[in-house]
Amino acid sequence: MENKIGLVLSGGGTKGIAEAGAIKFLEENNIFPEIIAGTSAGAIVGGLYAFGRTPEEILEFFKSVYFFNWKHFTLTKPGFINSDIFRLYLKPIIGEIKIKDLRIELLISATDLIQGDTFVFSGDDYLLDAIIASCSVPGLASPFKKDEMLLSDGGILNNFPSNLVRDKCDKLIGVFVSPLQDVEKNQLNSIKSVATRAYELLSHSVENYKFRDCDWFISPKELSNYGMFESKKTKMDELFSLGYQEAEKTFPNNFKF
């Protein structure tokens, strides 16, 4: 199909709300992706959008969930939180729909902890399973069991899965919501701060070459000032606005669809 538009949505916890804000700007400019690749938070946003939810409804979904409610903690699985809590919140919205039955083509990545590679949900896979697996952050949520695999957060190996769609579309839009934070020397004064910075640098170095896959790249630098698990609704509104504003600011005037 001529001028087929693809959309890549990264992981980033609650900062994924900015992706919904960016999608709102796309829609207002009559830009509608025909294929989406998402991981972790991007799997939630991309999945809900492909299902038919509006950007505003996706924002309201994030506001309505309480993943760290004490009732969700588990001592019997390899994670503080039972990953099935995602089912509790998502099933009433999306039911048991298969990915092939969505209104938009969708690919969701997760990480196979046993084989050490990326597993991609598509076609006959259930959307609910795909989102649960892709959002199971190691150490926080228990892995998702599928056949002989133990699947965890897709962001471990592929936090910006542009490679899944680059060859399937004519124009690719990317939204990356985990930008590097600016730090000062005196902030790297503890084991935690140094280890966290090292992980961020490693992750960014693995992903940044893929940014060039995009014809239009949206990544609000201000997101580095927010945590992955923001719980205040006012913060969520700010994240949504940041995504919209960055899409507006970076919109290429000569970009033809």
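Asp147 is exposed, with a relative accessible area of 68%. That residue is one stop on this tour of a predicted model. The protein chain has 7 helices and 8 strands. Of its 257 residues, 52% are buried. Take the contacts between residues at least 6 apart in sequence: 75% of them join residues at least 24 apart.

**Positive phi angles**

- Asp147 sits in the loop between β5 (144–146) and β6. Its phi is positive, about 55°, although Asp147 is not a glycine.
- Ser40 is another non-glycine residue with a positive phi, near 55°. Ser40 belongs to the loop between β2 (35–39) and α2.
- Is Ser40 buried or exposed? Ser40 counts as buried, because its relative accessibility is 8% and the cut-off for buried is under 20%.
- Gly52 comes just after α2 and has a positive phi of about 125°.

**Helix α2**

- Helix α2 covers residues 41–51. Of its 11 residues, 10 are buried, so the helix is mostly covered.
- The buried set starts with Ala41, Gly42, Ala43, Ile44 and Val45. Gly46, Gly47, Leu48, Tyr49 and Ala50 complete the set.
- Tyr49 also has a charged partner: the charged end of Arg103 sits over the Tyr49 ring. The distance to the ring centre is 4.9 Å.

**Aromatic pairs**

- How many aromatic pairs does the structure hold? There are 11.
- One of them joins Phe25 and Phe251, with ring centres 5.5 Å apart. The ring planes stand at 75°, so this pair is edge-to-face; the cut-off for that class is over 60 degrees.
- The Phe25–Phe251 pair links distant parts of the chain, 226 residues apart. Phe25 is in helix α1 (residues 17–28). Phe251 is in the segment after α7 (233–250).
- Phe25 is buried, at 6% relative accessibility. Phe251 is partly exposed, with a relative accessible area of 25%.
- Phe160 and Phe176 make another edge-to-face pair. Their ring centres are 5.9 Å apart and their planes meet at 80°.
- What does the Phe160–Phe176 pair tie together? Phe160 lies in the loop between β6 (149–152) and β7 (171–175), and Phe176 lies in the loop between β7 and α6 (191–207). The pair therefore ties together parts that are 16 residues apart in sequence.
- Phe160 is buried, with a relative accessible area of 0%. Phe176 is buried too, at 2% relative accessibility.
- Phe25 and Phe251 also belong to an aromatic cluster. Trp216 and Tyr244 are in that cluster as well.

**Helices α4 and α5**

- Helix α4 spans residues 85–94 and helix α5 spans residues 127–134. The two pack with their axes 10 Å apart, at an angle of about 150°.
- How do α4 and α5 run relative to each other, roughly parallel or roughly antiparallel? Angles over 145 degrees count as roughly antiparallel, so α4 and α5 are roughly antiparallel to each other.
- The crossing of α4 past α5 is right-handed.
- On the α4 side, the contact residues are Phe86, Arg87, Leu90, Lys91 and Ile94. On the α5 side, they are Leu127, Leu128, Asp129, Ile131 and Ile132.
- An α-helix has 3.6 residues a turn, so residues three or four places apart point the same way. Phe86, Leu90 and Ile94 are among the α4 residues that meet α5.

**Residues brought together across the chain**

- Tyr89 is also found in helix α4. Tyr89 counts as buried, at 18% relative accessibility.
- Tyr89 and Ser64 are 25 residues apart along the chain. Their C-alpha atoms are separated by 8.7 Å.
- Glu57 lies in helix α3 (residues 55–64). Glu57 is partly exposed, with a relative accessible area of 38%.
- Glu57 and Ala20 are 37 residues apart in sequence. From C-alpha to C-alpha, Glu57 and Ala20 are 9.1 Å apart in space.

Key: Residues are numbered from 1 along each chain as its sequence is written. This is a predicted model: local features need pLDDT of at least 70, side-chain atom pairs count only at pLDDT 80 or more; totals for chains, interfaces and linings use all residues. Side-chain values use heavy atoms; hydrogens and water are left out. Rings of Phe, Tyr and Trp (its six-membered ring) pair if their centres lie within 6.5 Å; planes under 30 degrees apart count as stacked, over 60 as edge-to-face and the rest as tilted. Helices (H or I, at least four residues) and strands (E, at least two) are DSSP runs, numbered from the N terminus. Buried means under 20% relative accessible area, exposed over 50%, partly exposed in between (1.4 Å probe, protein chains only). A charge sits over a ring if NZ of Lys or CZ of Arg is within 6 Å of the ring centre and within 35 degrees of the ring normal. Axes are lines fitted to C-alpha atoms, for helices over the stretch in contact, and angles run from 0 to 180 degrees between N-to-C directions. Angles under 35 degrees count as roughly parallel, over 145 as roughly antiparallel, 65 to 115 as roughly perpendicular and the rest as oblique. A crossing is left-handed if the near helix is turned anticlockwise from the far one by less than a right angle, and right-handed if clockwise. Contact means heavy atoms within 4.5 Å.
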